[in-house]
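Biologist: I have this open on the screen. Can you walk me through it?
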Amino acid sequence: MRRILLAAVLVVAGCSNPPAGAPADPPTTTSAAPAGTALYAVASRTLENIVIDTQGFVLYRSDRDSASPTRSACAGSCLQSWLPVPCQGEIRVEGIDRQLVACFDRPDGRRQLSLAGWPLYGYSGDRMPGDTNGHGQSDGWFAISPNGERAIYVS
């Protein structure tokens, strides 16, 4: 955990050389982690705190979805660009209130992860960990913050 916080501070302070928008590295472990899903809250150079997955890819929310009740509006061709985060096994979180994380059933029968009620997605246009190419897409897709709000640009 100290490594994450130190890396996040260095990224925010501009003392590291990752590409713009790159989040701090997700934590590494010395033992095999159980199969499941993990979410990490990190700082980036361009956005305030954001949520990433185990591989360091940024996660997104859509304004077309519903947080109360949790409902995904992404179906059909939407699923070519926006990849629902599967909900499987143990869910590990760091820097995120565990009470905000849940699973729900998509209309297609798959289980998807949500944060503060918002369904979570990866973006197929993000080629490398830390890319935020999906932020602001189609005037409704945004990187998600650890409290479920839209991530905002650092001023």
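Modeller: One term before we start: two strands pair if DSSP finds at least two bridges between them. The model is predicted.

Biologist: Which strands does β9 pair with, and in what sense?
Modeller: β8 and β9 run antiparallel and are joined by five bridges. On the other side of the sequence, β9 pairs with strand β10 (residues 118-119), also in the antiparallel sense, over two bridges.

Biologist: Which residue in β10 is the bridge partner of Ser114?
Modeller: That is Pro119.

Biologist: And how many residues sit between the strands in each hairpin?
Modeller: The hairpin of β8 and β9 has five residues between its strands. Gly109 lies in that turn and has a positive phi of about 95°. The hairpin of β9 and β10 has two residues between its strands, and there Ala116 takes a positive phi near 55°.

Biologist: Is β9 mostly covered or mostly exposed?
Modeller: Mostly covered: β9 spans residues 111-115, and four of its five residues are buried.

Biologist: Staying with β8, what is Cys103 doing?
Modeller: Two things. Within the strand pairing, Leu113 in β9 is the bridge partner of Cys103. Cys103 also forms a disulfide with Cys87, with the sulfur atoms 1.5 Å apart. That link connects distant parts of the chain, 16 residues apart: Cys87 is in the loop between β6 (82-84) and β7 (90-94), while Cys103 is in strand β8 (residues 101-105).

Biologist: Buried or exposed, those two?
Modeller: Cys87 is buried, because its relative accessible area is 12% and the cut-off is under 20%. Cys103 comes to 26%, so it is classed as partly exposed.

Biologist: How many disulfides in total?
Modeller: Two, counting pairs of cysteine sulfur atoms within 2.5 Å. The other one joins Cys74 to Cys78, with an S to S distance of 1.9 Å. The angle about its S-S bond is -110°, and the link of Cys74 and Cys78 is left-handed. Cys74 has a relative accessible area of 3% and is buried.

Biologist: What is the pairing if I number the bonded cysteines in sequence order?
Modeller: The pairing is 1-2, 3-4.

Biologist: Changing topic. How many helices and strands overall?
Modeller: Two helices and 12 strands. From the N terminus the order is α-β-β-β-β-β-α-β-β-β-β-β-β-β.

Biologist: What share of the residues is buried, and what is on the surface?
Modeller: Of the 155 residues, 46% count as buried. The protein exposes about 8,200 Å², and carbon and sulfur atoms supply 52% of that.

Biologist: What about contacts between residues far apart in sequence?
Modeller: Taking contacts between residues at least 6 apart in sequence, 66% of them join residues at least 24 apart.

Biologist: Last one. What is the mean pLDDT?
Modeller: The mean is 83, and 77% of the residues reach 70 or more. Residues 1-22 have pLDDT below 50; beyond near neighbours in sequence, this stretch has 40 contacts in the model. Residues 24-34 are also below 50, with 25 contacts beyond near neighbours in sequence.

Biologist: How should I treat low pLDDT?
Modeller: Where pLDDT is low, do not read the predicted coordinates in detail.

Terms used. Residues numbered from 1 in each chain as written. Predicted model: local features only at pLDDT ≥ 70, side-chain atom pairs only at ≥ 80, totals over all residues. Heavy atoms only, no water. Buried < 20%, exposed > 50% of the residue type's maximum accessible area, 1.4 Å probe, protein only. Contact = heavy atoms within 4.5 Å. Areas by Shrake-Rupley, 256 points an atom, 1.4 Å probe, with all protein chains shown as cover. pLDDT = per-residue confidence, 0-100.
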